[in-house]
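I opened the notebook to record what I looked up in this structure. The entries follow the order in which I checked things.

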Amino acid sequence: MKMRQTAEGTARPAGRPRSEKAEKAIVDATLDLLGEGIGVAELSIESIAARAGVGKTTIYRRWSNKEDLVVDALATLKPPIPPLAGLSVRDDLVTYLRVLRDESCHQRTRCIMNIAMSHSDRHPRLAERFREVALEPRRAALRGVLRRGMETGELRADLDEEMAMAILSGAMMWYTRWNRSGPEPPEDVAERIVDEALLGFRSHSPVSSPATPPPMP
């Protein structure tokens, strides 16, 4: 087998870079076709292979079916959550929400995600695998931050984790997806969402009831 010399001075098979290049071409072709408005149902291995300039067998050597390929392609659109420093719950939550905000700035990414996930009823396996590959790791990271805060006393011990996660993520979605007709989200939207949420997450005082007015004379 022909060998290639690497920068480190070690030899490796010459075919590997070619394999990585083909894989990237396949993923890019899948995203390009989705970005052009082709739905998952209409997307075909033949069209992906033609766009990527590879044979169908090259695709099937890496992915057993179209849904698996689409999931892996969609996962590349979601950057991983950066390491959370763990110095404070506030800092980690701000870091998390900043990633969500940055994603929303890419119109092509939003378009592709909407097209792909709009077919979740027809392709439930695709939707389930996408949750496993791209969404669950993020939910686990966010849940870990909240649990650490509950253990250290930064957050209430009785905090509803699922509700807290919905409040944080939902508020960012409001600014970046549902309120697209309004102004662009402010630069400090992540900090503002976290600070408002923490007012409730950290509160230990019960809400006082208004005083009963004295009876009329």
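Entry 1, overall layout. I began with long-range contacts: among contacts in the chain with a separation of 6 or more, 63% are between residues 24 or more positions apart. I note here that the model is predicted. I then listed the secondary structure and found nine helices and two strands. Along the sequence the order is β-β-α-α-α-α-α-α-α-α-α. The chain has 217 residues, of which 37% count as buried. I also looked up the accessible surface: the chain exposes about 13100 Å², and carbon and sulfur atoms supply 55% of that area.

Entry 2, helix α8. I checked the length of α8, residues 161–178. At 1.5 Å a residue its 18 residues should span 26 Å, and the end C-alpha atoms are 24 Å apart, so the two values agree. I next looked at the N-terminal end, where Asp160 acts as the cap. A side-chain oxygen of Asp160 lies 3.3 Å from the backbone nitrogen of Glu162. Which residues of α8 are buried? I found Glu161, Ala164, Met165, Leu168, Ser169, Met172 and Thr176.

Entry 3, Glu161 and its partner. Glu161 stood out to me as a charged residue to follow up. Its relative accessibility is 17%, and it counts as buried because the cut-off is under 20%. Glu161 forms a salt bridge with Arg143, with the closest N and O atoms 3.8 Å apart. This pair links distant parts of the chain: Arg143 sits in helix α7 (residues 124–152) and Glu161 in helix α8, 18 residues apart. Arg143 also counts as buried, at 16% relative accessibility. I then traced the wider set and found a network of salt bridges that links Glu136, Arg139, Arg143, Arg147, Glu161 and Glu162.

Entry 4, other salt bridges. How many salt bridges does a search of the whole structure find? It finds 18. I looked at two further pairs. In one, Arg51 bridges to Glu36, the closest N and O atoms being 2.9 Å apart. The pair links distant parts of the chain, since Arg51 is in helix α2 (residues 45–52) and Glu36 is in the loop between α1 (15–35) and α2, 15 residues apart. Arg51 is partly exposed, with a relative accessible area of 38%. In the other pair, the side chains of Asp91 and Arg90 meet at 3.9 Å, N to O. Both members are partly exposed: Asp91 has a relative accessible area of 38%, and Arg90 has 27%.

Entry 5, Glu191. I looked up Glu191 and placed it in helix α9 (residues 189–201). Is Glu191 buried or exposed? It counts as buried, at 17% relative accessibility. Its side chain makes a polar contact with the side chain of Arg98, at 2.3 Å. Leaving aside neighbours within four places in sequence, Glu191 is in contact with Arg90, Val94 and Arg98. Arg90 is the residue I had noted in the salt bridge with Asp91.

Entry 6, Val54. Last, I checked Val54, which is found in the loop between α2 and α3 (56–60). With neighbours within four places in sequence left aside, Val54 is in contact with Ala22, Ile26, Ala49 and Ile59. I also looked up the C-alpha separation between Val54 and Ala25, which is 8.5 Å for residues 29 apart along the chain.

Conventions
Residues are numbered from 1 along each chain as its sequence is written. This is a predicted model: local features need pLDDT of at least 70, side-chain atom pairs count only at pLDDT 80 or more; totals for chains, interfaces and linings use all residues. Side-chain values use heavy atoms; hydrogens and water are left out. Helices (H or I, at least four residues) and strands (E, at least two) are DSSP runs, numbered from the N terminus. The expected span of a helix is 1.5 Å times one less than its number of residues. Buried means under 20% relative accessible area, exposed over 50%, partly exposed in between (1.4 Å probe, protein chains only). A polar contact is a pair of N or O atoms within 3.5 Å; within protein, one must be able to donate a hydrogen and the other to accept it, and residues adjacent in sequence count only if both atoms are side-chain atoms. Contact means heavy atoms within 4.5 Å. Accessible areas come from the Shrake-Rupley method with a 1.4 Å probe; for residues, only the protein chains shown count as cover.
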